[in-house]
Amino acid sequence: MTPEAARAKVLEFTRRPFAPVAAVEEEEGRAVRLLEPGTGKDLRLRWDELADVEEKRSPLRPAPWLVLAFQDGRQVALADVGFAFAPATVNTGPLPDLPPTLCFRDFRHLSSGVEALLAEEGREKEALGAILVCIALLDGARAAGLPVGREEQRLDALLRALEERGVKV
């Protein structure tokens, strides 16, 4: 795919009404900053970094999404939830029932769940399981080129709270 074709597809998708991600062109049209308004997350890329851009639909999702495939093998989707990406289990090992795609909304849900679990006695193992999914989510986001600093700070606080409690078997 040419950089011009990738640019046309991304800009058309992000300019639709109620688009989940906004696009701001930079470097005289050679690059773009994709912004997820709900979280303030952004992804900067040059058009020539993209190998392919494909719009997809499924009867299971109410809205289409756009898959950005990079020359280096990374993939990020622009979906109704904002940025979507594959988790990475390099630091967690295999995790049962890990979904193939996650987003920052999932992180907010999981981290809130960990807090709720830690508020109850004897739920430490469940909290640890959710923390491992959070780690895989953040590793996947980082590998996709997305910033994760705020979420890492929140995860560190949850890990400290779990360590203070200890995991009861």
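A pocket here is an open set of grid points with protein on both sides within 12 Å along at least five of seven lines. Keep that in mind, since the tour starts in one. You're looking at a predicted model.

**Stop 1: the largest pocket**

Which residues should you click to land in the middle of the largest pocket? Select Ala77, Ala84, Phe85, Thr101 and Leu102: among its 28 lining residues, these lie nearest its centre. The largest pocket has a volume of about 510 Å³. Now colour the elements that give two or more residues to the lining: β5 (65–70), β6 (75–79), β7 (82–85), β8 (102–103), α2 (104–118) and α3 (124–144). Which element gives the most? That's β6, with four residues.

Try colouring the lining by class as well. You should get 19 nonpolar, four polar and five charged residues. As for how empty space can be found at all, rolling a probe the size of a water molecule over the atoms shows where it is left.

**Stop 2: the open sheet**

Stay with the strands and switch to a cartoon view. Five strands make an open sheet, in the order β4-β5-β6-β7-β8, and the pairing is antiparallel. Which strands stand at the edges? They are β4 (50–56) and β8; each has a single partner strand, so one side of each has no neighbour in the sheet.

Walk across the sheet, starting at the β4 edge:

- β4 and β5 are paired antiparallel over six bridges. Select Val53, then look for Leu68, its bridge partner in β5.
- β6 and β7 pair antiparallel too, over three bridges. Pick Ala79 and you'll find its bridge partner, Gly82, in β7. Follow the chain between these strands: a hairpin of two residues joins β6 to β7.
- β7 and β8 are antiparallel as well, with two bridges. Here, select Ala84 and look opposite it for Cys103 in β8. You've met Ala84 before, as one of the residues nearest the centre of the largest pocket.

**Stop 3: Thr14**

Next, select Thr14, which sits in helix α1 (residues 3–14). Is Thr14 buried or exposed? Its relative accessibility is 9%, and the cut-off for buried is under 20%, so Thr14 counts as buried.

Show its side chain. It reaches the backbone oxygen of Leu11 at 3.2 Å. Then bring up what else Thr14 touches, skipping residues up to four places away in sequence: Ala19, Val21, Ala22, Ala23, Leu34 and Leu78.

**Stop 4: Leu35**

From Thr14, hop over to Leu35. The two are 21 residues apart in sequence, and 9.8 Å apart in space from C-alpha to C-alpha. Leu35 lies in strand β2. With a relative accessible area of 23%, Leu35 is partly exposed.

What does Leu35 touch? Leaving out residues up to four places away in sequence, the list is Pro20, Val21, Ala22, Gly40, Lys41, Asp42 and Phe83. Two names there should ring a bell: Val21 and Ala22 are also touched by Thr14.

**Stop 5: Thr39**

Carry on along the chain to Thr39, in the loop between β2 (31–36) and β3 (41–46). Don't let the word "loop" fool you: Thr39 is buried, with a relative accessible area of 14%. Display its side chain along with that of Glu36, and you'll see a polar contact of 2.4 Å joining them. Apart from its neighbours within four places in sequence, Thr39 is in contact with Phe104, Arg108 and Arg150.

**Stop 6: two residues with positive phi**

Last stop, and it's about backbone angles. Most residues other than glycine have a negative phi. Which way do the next two go?

Select Glu28, in the loop between β1 (22–26) and β2. Glu28 isn't a glycine, yet it has a positive phi of about 55°. Is Glu28 buried or exposed? At 76% relative accessibility, it counts as exposed.

Now jump to Asp97, in the loop between β7 and β8. Its phi is positive too, near 65°, and again the residue is something other than glycine. With a relative accessible area of 79%, Asp97 is exposed.

Notes: Residues are numbered from 1 along each chain as its sequence is written. This is a predicted model: local features need pLDDT of at least 70, side-chain atom pairs count only at pLDDT 80 or more; totals for chains, interfaces and linings use all residues. Side-chain values use heavy atoms; hydrogens and water are left out. Buried means under 20% relative accessible area, exposed over 50%, partly exposed in between (1.4 Å probe, protein chains only). A polar contact is a pair of N or O atoms within 3.5 Å; within protein, one must be able to donate a hydrogen and the other to accept it, and residues adjacent in sequence count only if both atoms are side-chain atoms. Contact means heavy atoms within 4.5 Å. On a 1 Å grid over the protein atoms alone, a cavity is a set of points where a 1.4 Å probe fits but cannot get out, and a pocket is an open set with protein on both sides within 12 Å along at least five of seven lines; lining residues have an atom within 4 Å of a point. Grid points are joined across faces, edges and corners, and a volume is the space filled by probe spheres set on the points. Ala, Val, Leu, Ile, Met, Phe, Trp, Tyr, Cys and Pro count as nonpolar, Asp, Glu, Lys and Arg as charged, and the others, Gly among them, as polar. Two strands pair if DSSP finds at least two bridges between them.
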